[in-house]
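The exercises below are meant to be worked through with the sequence and the structure side by side. Please try each task before reading its solution.

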Protein chains: 2
Amino acid sequence: MTPTRGFPKSEFENRLKIIQASMVADEIDVLLLTQEHDIRYVTGFMTPFWQSPTRPWFVAVPQSGMPEAIIPTIGREVMGRCFTGGVHCFAAPSNNDDGIALLARVIRDMAGPEAVMGMMIGPETKLMMPLMDMDVLVEAIGDPVLVDATMILRSARMVKSPLEIAKLRHICGLASDVFNAMPSWLKQGQQLASVFTMFKVNALQSGIDDVSYLVGNAGQGGYDDIISPPGEDPLVDGDVLMLDTGCVWDGYFCDFDRNYGFGNVSSEAHEAYELLWHATEDAIQGLKPGMTSADLFGIMKARLGGEDGDDDVGRYGHGLGIQLTEPPSHIGWDDTVLTENMVLTLEPSLSLSGGKMMVHEENILLTANGVEMLSKRAAPKLPIIQG
Amino acid sequence: MTPTRGFPKSEFENRLKIIQASMVADEIDVLLLTQEHDIRYVTGFMTPFWQSPTRPWFVAVPQSGMPEAIIPTIGREVMGRCFTGGVHCFAAPSNNDDGIALLARVIRDMAGPEAVMGMMIGPETKLMMPLMDMDVLVEAIGDPVLVDATMILRSARMVKSPLEIAKLRHICGLASDVFNAMPSWLKQGQQLASVFTMFKVNALQSGIDDVSYLVGNAGQGGYDDIISPPGEDPLVDGDVLMLDTGCVWDGYFCDFDRNYGFGNVSSEAHEAYELLWHATEDAIQGLKPGMTSADLFGIMKARLGGEDGDDDVGRYGHGLGIQLTEPPSHIGWDDTVLTENMVLTLEPSLSLSGGKMMVHEENILLTANGVEMLSKRAAPKLPIIQG
């Protein structure tokens with residue numbers, strides 16, 4: 001069943017409550033957000049317009065009370081329908097002030113000139129405003145103290161609500177069906193670029209909103225990288241093809257891949273596929289709430305062998321939600337405790353001979369009892385396309 | 001004819017020469033790039049992997065000699081095929097250093113501990129690395145002086161090469177054909193969301209790589225915003241539908257829109273459409289190299305009337321290339337001189353009664369003689385879909 005688009009107000013009230021409790025604990029007076037996913041998480045503001053790099057967007061969250069949006073006029077209508085206490089608009093683009101004076105006024109009104117201002121400035125964050133404007137902002141506010149608030153949003157976002165889980169389950173199911181139909185149309189002689197196009201068209205026609213992310217590669221017995229745009233060489237006997245997609249429905253991502261062999265594939269590739277499948281299976285069977293990301297990594301590593309950090313991908317999966325990749329990282333050093341209602345990828349990888357590699361990925365929900373599959377489980381043996 | 005994908009080495013040599021000449025003039029020892037489009041412009045590095053927010057990517061350009069890439073190991077293979085003098089890889093994600101120590105070493109080797117380091121920190125830029133890591137980087141380099149280098153890349157990128165123009169002409173032509181086929185399948189009763197899907201599918205099947213940006217709206221006699229995701233209301237008699245797309249071919253964008261009326265549309269909407277068409281036509285006929293963006297804005301404003309800055313969009317077009325929107329902005333204050341081989345959008349807009357609006361957009365190349373159309377010119381009167 002297709003979930004309802006959007007969220008009720010109560011969803012945003014819950015998110016705000018969690019965030020503001022952390023702000024109180026960390027003595028942060030105001031939280032300034034500039035990243036698309038953070039702003040969407042707090043307010044529900046969703047638009048493809050983030051592709052347009054001209055104008056910055058800001059949301060300020062006080063320790064109590066509603067978030068305030070400080071945005072270019074072009075977004076007034078859409079943000080007006082979102083979860084905010086007020087929408088403050090500035091004319092943009094501007095030759096001398098892309099909203100900084102207005103933003104400073106809102107922050108001063110909210111928390112005074114000596115506010116402790118939290119921002120997302122730690123690992124995996126970007127500053128989605130000009131760096132030069134940071135100095136201007138700080139001066140215009142007065143004497144604020146800038147602190148790292150990365151963990152506040154990170155912690156809130158890692159645990160998904162039932163409504164978020166429904167959307168993630170839906171997109172993972174849709175993308176699984178697109179993958180599962182591939183053997184009916186995949187053929188030797190096709191170019192990788194045309195495989196990409198077919199995949200995207202099938203995805204869109206199945207009810208997926210966007211194929212925001214699609215990478216893949218093919219080569220004899222494996223592939224040599226996993227982030228290339230598609231090439232124009234035809235698929236031939238002995239190739240292994242991998243497609244990895246981040247499809248989106250109502251702003252929520254899946255992120256998993258599938259491998260397909262063509263004709264007579266090397267025994268090394270068959271064995272690698274099965275080893276990766278079993279490493280994933282070990283994780284699916286063994287993962288319980290209370291384990292850490294490092295524990296989860298360890299379960300898969302135990303099956304695969306090898307040294308930590310000896311592969312290019314650098315981790316065996318991550319969080320998943322309104323971004324293609326979210327914290328935590330399944331890697332030896334990440335001691336994030338995995339709890340009920342986290343949505344995660346399991347993504348073990350192997351280096352093969354001749355500089356080749358293989359990756360395998362599934363999407364799961366962690367429940368009180370263990371793992372619920374969100375992607376439909378890959379076949380235990382490498383699917384072979386004949387002819 | 002479909003252009004060749006990618007660029008010959010000479011293209012990147014020319015770009016580097018222009019950038020390094022500006023670095024010499026501005027006394028910048030090293031240019032540090034973190035944004036996807038800047039890195040792609042200098043090195044040719046292209047991957048959908050930028051969707052994955054976990055890992056930062058860096059390119060350092062010396063005053064003379066080749067650019068050096070400092071990137072996560074996962075990108076080694078793809079960056080290895082790009083225009084760099086060296087690819088330095090760091091394990092990522094990391095619990096304590098996402099490449100900063102390595103980046104600092106490369107910059108020190110390149111320009112010493114007291115380098116004048118240019119970064120893209122001015123208008124329309126983002127810092128695509130954690131802000132906290134900036135302090136760590138500065139300390140690890142030694143005593144660098146950070147200066148704004150926004151104008152260096154901006155100036156280089158604004159003027160397109162013949163090979164870039166060929167790609168832009170190609171994508172604008174493809175997207176024009178997708179729009180021109182719309183009246184054959186658009187019908188009252190369709191939901192906007194399904195119109196979006198049809199448009200994307202047709203685009204992909206016509207040879208477009210990705211529909212990276214698609215916004216649109218519909219309403220009686222006009223629409224109330226232009227950045228919403230699509231809704232599920234059916235199109236009805238009297239509606240005006242607008243679709244605005246940034247389709248991509250080999251990393252180059254088009255950015256234009258088309259309007260369609262359904263059945264009996266208000267005379268205000270018909271008149272607004274024609275007024276916008278004529279404002280665009282005035283620009284197409286009147287624009288010559290040597291005029292400024294403000295002059296171009298003035299040509300369109302003279303036809304449309306009204307006060308400067310009284311509309312939500314805030315400008316009447318912009319540059320176009322490897323981003324959906326690039327400098328300059330066609331607006332009263334932008335005195336950027338428009339020269340031969342700039343690719344621009346013309347995008348006048350009008351406010352209508354009842355909070356409605358209408359937008360119109362074309363993509364053009366500025367030549368020595370004036371304007372070459374890249375998008376296929378919109379009809380002079382609002383196309384009407386009957387039934």
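**Exercise 1.** In this predicted model, which strands of chain A does helix 2 of chain A lie across, and at what angle does helix 2 run to strand 2 of chain A?

Solution. Begin by finding helix 2 of chain A at residues 36–43, and then look for the strands beneath its course, which are strand 1 (30–33), strand 2 (58–62) and strand 3 of chain A. Comparing directions next, one finds that helix 2 runs at about 50° to strand 2 of chain A. Helix 4 of chain A, residues 100–111, also packs on the sheet, where it touches strand 1, strand 2, strand 3, strand 4 and strand 5 (116–119) of chain A, and its direction makes about 5° with that of strand 2.

**Exercise 2.** Work out the strand order of the open sheet in chain A, and explain why strand 4 and strand 6 of chain A each have one side without a neighbour in the sheet.

Solution. Reading across the open sheet, which has 6 strands, gives the order 4-3-2-1-5-6 in chain A, and the pairing is mixed. Strand 4 (86–90) and strand 6 (145–148) of chain A therefore stand at the edges, where each has a single partner strand, so that one side of each is left without a neighbour in the sheet. The average turn between neighbouring strands of this sheet, with direction ignored, is 25°. As a closer example of pairing, strand 3 of chain A, residues 68–72, joins strand 4 of chain A in the parallel sense over 5 bridges, and Ala69(A) stands opposite Val87(A) in strand 4.

**Exercise 3.** Describe how helix 1 and helix 6 of chain A pack, and name the residues that meet.

Solution. The description of two packed helices uses the angle between their axes and the distance between the axes. For helix 1 and helix 6 of chain A, the angle is about 145° and the axes are 10 Å apart, while the crossing is right-handed. From helix 1 come Arg15(A), Ile18(A), Ile19(A), Ser22(A) and Met23(A), and these meet Ile152(A), Leu153(A), Ser155(A) and Ala156(A) of helix 6. Sorted by class, this contact has 6 nonpolar, 2 polar and 1 charged residues.

**Exercise 4.** Find the two assigned domains of chain A and say how many residues each gives to their contact.

Solution. The domain assignment divides chain A into domain 1 (9–157) and domain 2 (159–385), and the C-alpha centres of these domains lie 34 Å apart. Their contact takes 9 residues from domain 1 and 8 residues from domain 2 of chain A. On the side of domain 1 that touches domain 2, helix 2 of chain A supplies the largest share, 3 residues, and the residues of that side divide into 2 nonpolar, 2 polar and 5 charged.

**Exercise 5.** Establish how many residues of chain B are in contact with chain A, and how helix 8 of each chain is placed against the other.

Solution. The contact involves 58 residues of chain B and 58 residues of chain A. Helix 8 of chain B gives the most to the side of chain B that touches chain A, namely 5 residues, and that side divides into 28 nonpolar, 19 polar and 11 charged residues. Helix 8 of chain A, residues 192–205, packs with helix 8 of chain B at an angle of about 170°, with the axes 10 Å apart. These two helices are therefore roughly antiparallel to each other, and their crossing is left-handed. Among the residues making this contact are Thr197(A) and Leu204(A) of helix 8 of chain A, and Thr197(B) and Leu204(B) of helix 8 of chain B.

Key. Residues are numbered from 1 along each chain as its sequence is written. Chains are lettered from A and ligands numbered from 1 in the order in which they are written. This is a predicted model: local features need pLDDT of at least 70, side-chain atom pairs count only at pLDDT 80 or more; totals for chains, interfaces and linings use all residues. Two residues are in contact if their C-beta atoms, placed from the backbone, lie within 7 Å. Helices (H or I, at least four residues) and strands (E, at least two) are DSSP runs, numbered from the N terminus. Ala, Val, Leu, Ile, Met, Phe, Trp, Tyr, Cys and Pro count as nonpolar, Asp, Glu, Lys and Arg as charged, and the others, Gly among them, as polar. Axes are lines fitted to C-alpha atoms, for helices over the stretch in contact, and angles run from 0 to 180 degrees between N-to-C directions. Angles under 35 degrees count as roughly parallel, over 145 as roughly antiparallel, 65 to 115 as roughly perpendicular and the rest as oblique. A crossing is left-handed if the near helix is turned anticlockwise from the far one by less than a right angle, and right-handed if clockwise. Two strands pair if DSSP finds at least two bridges between them. Domain bounds come from an automatic or database domain assignment.
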